[in-house]
Amino acid sequence: MSGENGQDEQHPDAPDGGAQGGEQLALIRDTVRKNRAKPRTWRGAALAEGLPVARVLVDKGLVHLDQYFDYAVPAAMDEEARPGVRVRVRFGARVVKGRREGGTLHDGFIVERRADTDFRGPLAPLAQVLSPEPVLTPALLALCRQVADRYAGALADVVQLAVPPRMARAERDPSPQPRSDPPMPEPGSWERYATGPAYLAALARGDTPRAVWLALPGPHWPGELATAMATALASGRGALAVLPDGRAAARVDQALTALLGEGRHVLLTADAGPEERYRRWLAVSRGTVKAVVGTRAAMFAPVADLGLVALWDDGDSSHAEQHAPQPHAREVLLLRAREERTAFLLGGVTSTVEGAQLVESGWALPLAASRAEVRAAAPLIRTVSDADQARDEAARAARLPSLAWQVTRDALARGPVLVQVPRRGYLPKLACDRCREPARCAACAGPLELRDRSGTPVCGWCGRPAADWHCAECGGTRLRARVVGARRTAEELGRVFPSVPVRTSGRDTVLASVGDAPALVVATPGAEPVADGPGYAAALLLDGWALLNRPDLRAGEEALRRWALAAALVRPASQQGTVVVLAEPTLRPVQALVRWDPAGHALRELSERAELRFPPVARMASVIGSPAAIADVVDTLRLPPGADLLGPVPVPSGRGEWEARGRGGGGGRGGGSGGGRGERGERGGAPAQGEREREPRERLLIRVPPGSGAALAAALKEARVARAARGAAEPALMRMDPLDIG
DNA sequence: AGCACGCCGACT
DNA sequence: GTCGGCGTGCTC
């Protein structure tokens, strides 16, 4: 495998020149000057003798400046005040007539014990050591630092994501005894992949193979993931797997328990509750457990002697952290693979463009099955186009095309049938109730949507409300949603097949599994239960329209991903497993599904992105704020060569993701193109009391060539620090790798 | 980010 | 004379 002897191979995202990240941040971190002073402190309290200074990462406070503060260590705390422990310090005090006054208590972590300080002034003493547990170990701190640099974020923000809150009771309990390494597992179903056994063999002998694994459809992937982890453990190293949700994590946890028994690994998910979760995290931090299966936050788990990092289904949006600086599990694990010299396994039923890029760049090898194996495992895929649907009389009556109806009826004789319906929250596009023609805006021909429950359709492009719409084709005046929700579908199907039980799995109630008896299982994407036994007899994928019509760079990739995840739960075609997808068969993701060729799809997407100079080939950052704020950021930024500025344009309203704070109103903004950067705050007409002034928000995209991502992150961070130090009035939001670009 | 100090206008 | 505007600067 690629990693066996090439430890120095460059990851595509590695900082330019290959050195370690964030060179330009040195000026912030490198506050150590030559004028080292012996620490003085305020009251003449006795200080610790050997290393009287504690360098502290203060939580909150000046996160933006992203710097450490030195505190004096009272003699009484000498023993406990070790690097990594949580402390409490007084911060922000003022000197009044030679005495310190005020200052509020902040939590923080000791990062280092020192003999001296570079702060010219008296040090305040540590207020309290909260716990002797060294949670922010040097290795974890280094990882947090890397992630902060990668995302132009503040260290304290990342540490908050990486270190769980303290639960005193869990800390008091001793962690279990470390176990000896388990025996080497058999490859099992890994044999189905041409290079599967070779990958395991490399893991087994302590190498660091890196692979993008296209899992075959079917129920075997949790066991395969667990086998890879067990192999890393057997080689004497630790292993970490991150999964998109608790259900998937539980499946791998079960598989790992079947392989290793209890006690050699932990499951880190929110389900366990904060105290139990912290207990398990401590077992990892203390080094007594060397394997972790978990959801997103587990990406930081401080596994000792890490040998393998694995990520399942990196296209799932839950792998993107919601809190600043929004690190993505894939990127964090890539950092860890590089920095901690580990094997890497990126698995999924489909591939993201990022996964394809890892293969294209040669950093990882593809781990895929032969066409023959794919044919043996995949269900038969059939499509229903819009034209088929419109022609289809049955469609009008039951909202279910006749093909779907037939397949369902036949399959129900053999087992359960999965019905994938759009998730609520997707803006339903509208169509003429009479002729099914998509409803369009009279002004700009954009698609009409229902944005809220008010019932008035709004143009998705120009935002104009369409109160008195009529169809341009047939003159009809009634609209209907082109997608139907889960409950409604369930009801209708229940009427069509009255003798079959209907079960639903969605946002509020997600079923983990269903039995193998005939049933209609209506689920939203991502909430599909696994069917026991051989799997579903058939699946209907009814949300093709909703998935493909999103104005998103990833719409195709995402549609294919969701379809394939559902289709992977269906029996192979050899057992009459059939999938009916309501989507145009000419569309690229639909073809990729029919041929079951997710790798080809990802590769084509990747080459298109490269042509268009889109991420992840180029790297991007976004700056959001008022025109004045954006202009100020641009003036402050020292961009790497080859950087493009795109925009600024008004921030698309409605979706919360990009709103800095508060709710941007819906209102239609004609089509104004942002213009220059001249107009600053309008002091003229004062807004009425109570109505908050709505400053225009715009978004600037910054694009840099491949390889300059780290330089861009460094520039952003530098600008952020400079602006914060200057006390810039206008807030601006800066993000690396913005998700929602057009 | 908070928070205090500081130096200029209309009130008891 | 005093309250209070937010400009400026600092926080180990």
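**Where is Pro648 placed?** Pro648 is in strand E30. Strands here are DSSP runs of E with at least two residues, and helices are runs of H or I with at least four, both numbered from the N terminus. A cis peptide bond joins Gly647 to Pro648, with omega at about 5°. Before going on, a word about what you're looking at: this is a predicted model, in which local features need pLDDT of at least 70 and side-chain atom pairs count only at pLDDT 80 or more, while totals for chains, interfaces and linings use all residues. Residues are numbered from 1 along each chain as its sequence is written, chains are lettered from A and ligands numbered from 1 in the order in which they are written, and side-chain values use heavy atoms, with hydrogens and water left out.

**A second cis bond, between Pro615 and Pro616.** The peptide bond running from Pro615 to Pro616 is cis too, and omega is near 5°. Look for Pro616 in the loop between H19 and E29. As background, most residues other than glycine have a negative phi, and most peptide bonds are trans.

**Asp305 and Gln326, two residues with positive phi.** Asp305 isn't a glycine, yet its phi is positive, about 50°. You'll find Asp305 in the loop between strand E13 (291–294) and strand E14 (306–312). Gln326, another residue other than glycine, has a phi near 55° and belongs to the loop between E14 and H9. With 23% relative accessibility, Gln326 counts as partly exposed; the scale calls a residue buried under 20% relative accessible area, exposed over 50%, and partly exposed in between (1.4 Å probe, protein chains only).

**What surrounds DNA strand B.** Leu62, His64 and Arg94 are the residues around DNA strand B, where being near a strand means having a heavy atom within 4 Å of it. Of the DNA strand B atoms within 4 Å of the protein, 36% belong to sugar or phosphate and the rest to bases.

**What surrounds DNA strand C.** There are 13 residues around DNA strand C, and Asp70, Tyr71, Arg100, Phe119 and Ala124 come nearest. Sugar and phosphate make up 48% of the DNA strand C atoms that come within 4 Å of the protein. Sorted by type, the residues of this surface are eight nonpolar, one polar and four charged. In that sorting, Ala, Val, Leu, Ile, Met, Phe, Trp, Tyr, Cys and Pro are nonpolar, Asp, Glu, Lys and Arg are charged, and the others, Gly among them, are polar.

**Zooming in on atom pairs at DNA strand C.** A backbone N or O atom of Asp70 sits 2.5 Å from a base oxygen of DNA strand C. Arg94 uses a polar side-chain atom, 3.4 Å from a base oxygen of the same DNA strand C. At Gly92, a backbone N or O atom is 3.4 Å from a sugar or linking oxygen of DNA strand C. Strand E3 (69–72) and strand E4 (86–91) are the elements that give two or more residues to the surface near DNA strand C. E3 provides the largest share, three residues.

**Helix H6, largely enclosed.** Of the 14 residues of H6, 13 are buried, so the rest of the structure largely encloses this helix. Right after H6 comes Gly236, with a positive phi near 90°.

**Salt bridges at helix H9.** The structure holds 42 salt bridges, each a side-chain nitrogen of Lys or Arg within 4 Å of a carboxyl oxygen of Asp or Glu. In one of them, the side chains of Arg150 and Glu331 meet at 3.2 Å, N to O. This pair links distant parts of the chain, with Arg150 in helix H2 (residues 138–150) and Glu331 in helix H9 (residues 329–339), 181 residues apart. Both Arg150 and Glu331 are buried. Glu354 and Arg330 form another salt bridge, 3.6 Å from N to O. Glu354 lies in helix H10 (residues 353–360) and Arg330 in helix H9, so this pair ties together parts that are 24 residues apart in sequence. Glu354 counts as buried at 10% relative accessibility, and Arg330 does at 5%.

**Arg613 and Asp644 in a salt bridge.** Here the closest N and O atoms are 2.7 Å apart. Arg613 is in the loop between helix H19 (598–612) and strand E29 (619–625), while Asp644 is in strand E30 (residues 644–650), 31 residues apart. Arg613 counts as partly exposed at 42% relative accessibility, as does Asp644 at 22%.

Key
A polar contact is a pair of N or O atoms within 3.5 Å; within protein, one must be able to donate a hydrogen and the other to accept it, and residues adjacent in sequence count only if both atoms are side-chain atoms.
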